[in-house]
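Subject: Structure handover and notes

Hello,

Here is the structure for you to look over. My notes follow below it.

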Amino acid sequence: KFEVGDASGRSDEERRFSRSLVREAITRREILYLPDLLADSRWSGGESVRGLGPAAVLVAPLKQGDEVFGVVYLENRLENRLENRLSGETTGFSEEDRAFVAEFAAIAGAFLLRASEAEALERRAQGLERDLFAKHRFEGIVTRHPKMIDLLRLVAQVADAPASVLVRGETG
């Protein structure tokens, strides 16, 4: 059974996951794969792990370089472990599943880094525009157009000069 979706309509039990595993994947900056979480002595004592019950867990950090932006947390509940083994179904996550998640996490990490950088540049540009408008009393001018912003920067450069400036061009 595979589910994707918003957890907001789910019960607390359905939304339960191991924060310790998430922290560990972020700290180690590598994928954690636990084919049988309850059988792993490092984690089996945790309350959230006991609450999950039998499960295979795969936690992949979304990272680029040294920066981790989040994780992908996947679990395969193994409530019917014996039943699954008898029917020949695999439990946990296959090698192919793990390779797909690793590739997805790498691509998502690169995307998130670029999005973060773009957001930082946008915030910086907005700050510079705010400073420009505040410093030079352009409060009567309403614009977001890059060419107009460039023109106002030019005006700001010559505004304090003792010389007269002639502005030519189309109106409006």
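**Ala 25 and its surroundings**

Ala 25 is found in helix H1. Please keep in mind that this is a predicted model. Ala 25 has a relative accessible area of 0%, so it is buried. Leaving aside residues up to four places away in sequence, Ala 25 touches Glu 30, Leu 32, Val 59 and Pro 61. Tyr 73 lies 48 residues away from Ala 25 along the chain, and the two C-alpha atoms are 9.8 Å apart.

**Helix H1**

Which residues of H1 are buried? They are Leu 21, Val 22 and Ala 25. Seen down the axis of H1, these buried residues fall within an arc of 105°, so they line one face of the helix. The other side of H1 has Arg 19, Arg 23 and Thr 27, which are exposed.

What covers the buried residues of H1? The cover includes E1, E2 and strand E3 (67-77). After H1 comes Arg 29, with a positive phi near 55°.

**Nonpolar cores**

The buried residues of H1 also belong to a wider group. The largest nonpolar core has 10 residues: Leu 21, Val 22, Ala 25, Leu 32, Leu 34, Leu 37, Ala 55, Val 57, Val 59 and Tyr 73. Helix H1 (19-28), strand E1 (32-34) and strand E2 (55-64) are the elements that each give two or more residues to this core. A second core is separate and has 9 residues, among them Leu 58, Val 72, Phe 93 and Ala 108. In soluble globular proteins, nonpolar side chains tend to be buried together.

**Nonpolar surface patch**

Some nonpolar side chains are on the outside. Leu 151, Leu 154 and Val 155 form a nonpolar patch on the surface. Together they have about 230 Å² of accessible area. Leu 151 sits in helix H5 (residues 146-158). Is Leu 151 buried or partly exposed? Its relative accessibility is 39%, so Leu 151 counts as partly exposed.

**Salt bridges**

How many salt bridges does the structure hold? There are 4.

Start at the end of H1. Glu 24, Arg 28 and Glu 30 are linked in a network of salt bridges. Within it, Glu 30 bridges to Arg 28, with the closest N and O atoms 2.5 Å apart. Glu 30 is partly exposed because its relative accessibility is 37%. Arg 28 is at 34%, so it too counts as partly exposed. Glu 30 is also one of the residues that Ala 25 touches.

Next comes H4. Glu 95 forms a salt bridge with Arg 98, the closest N and O atoms being 2.5 Å apart. The two are 3 residues apart in helix H4 (residues 95-135), so about one helical turn separates Glu 95 from Arg 98. An α-helix has 3.6 residues a turn, so residues three or four places apart point the same way. Glu 95 counts as exposed because its relative accessibility is 56%. Arg 98 has a relative accessible area of 23%, so it is partly exposed.

Further along H4, the side chains of Glu 119 and Arg 123 meet in a salt bridge, 2.8 Å from N to O. Here the spacing is 4 residues, so Glu 119 and Arg 123 are again separated by about one helical turn. Glu 119 is partly exposed, with a relative accessible area of 48%. Arg 123 counts as partly exposed at 49% relative accessibility.

**The chain as a whole**

The protein chain has 5 helices and 3 strands. Along the sequence they follow the pattern α-β-α-β-β-α-α-α. The chain has 172 residues, and buried residues make up 24% of them. Now take the contacts with a separation of 6 or more. Residues 24 or more positions apart account for 45% of these. The chain exposes about 12,800 Å², and carbon and sulfur atoms supply 52% of that area.

**Where to look**

For a first pass, view H1 down its axis. The buried residues line one face, and Arg 19, Arg 23 and Thr 27 are exposed on the other side. Then go to H4 for the Glu 95–Arg 98 bridge and the Glu 119–Arg 123 bridge. Finish at Leu 151, Leu 154 and Val 155 for the nonpolar surface patch.

Best wishes

Definitions and conventions. Residues are numbered from 1 along each chain as its sequence is written. This is a predicted model: local features need pLDDT of at least 70, side-chain atom pairs count only at pLDDT 80 or more; totals for chains, interfaces and linings use all residues. Side-chain values use heavy atoms; hydrogens and water are left out. A nonpolar core is a set of buried Ala, Val, Leu, Ile, Met, Phe, Trp, Tyr and Cys residues joined through side-chain atoms within 4.5 Å. Buried means under 20% relative accessible area, exposed over 50%, partly exposed in between (1.4 Å probe, protein chains only). Patches are made of residues with over 30% relative accessible area and no salt bridge: like charges are joined within 9 Å, nonpolar side chains (Val, Leu, Ile, Met, Phe, Trp, Tyr) within 5 Å. Accessible areas come from the Shrake-Rupley method with a 1.4 Å probe; for residues, only the protein chains shown count as cover. The arc is that of the directions from the helix axis to the C-beta atoms. Contact means heavy atoms within 4.5 Å.
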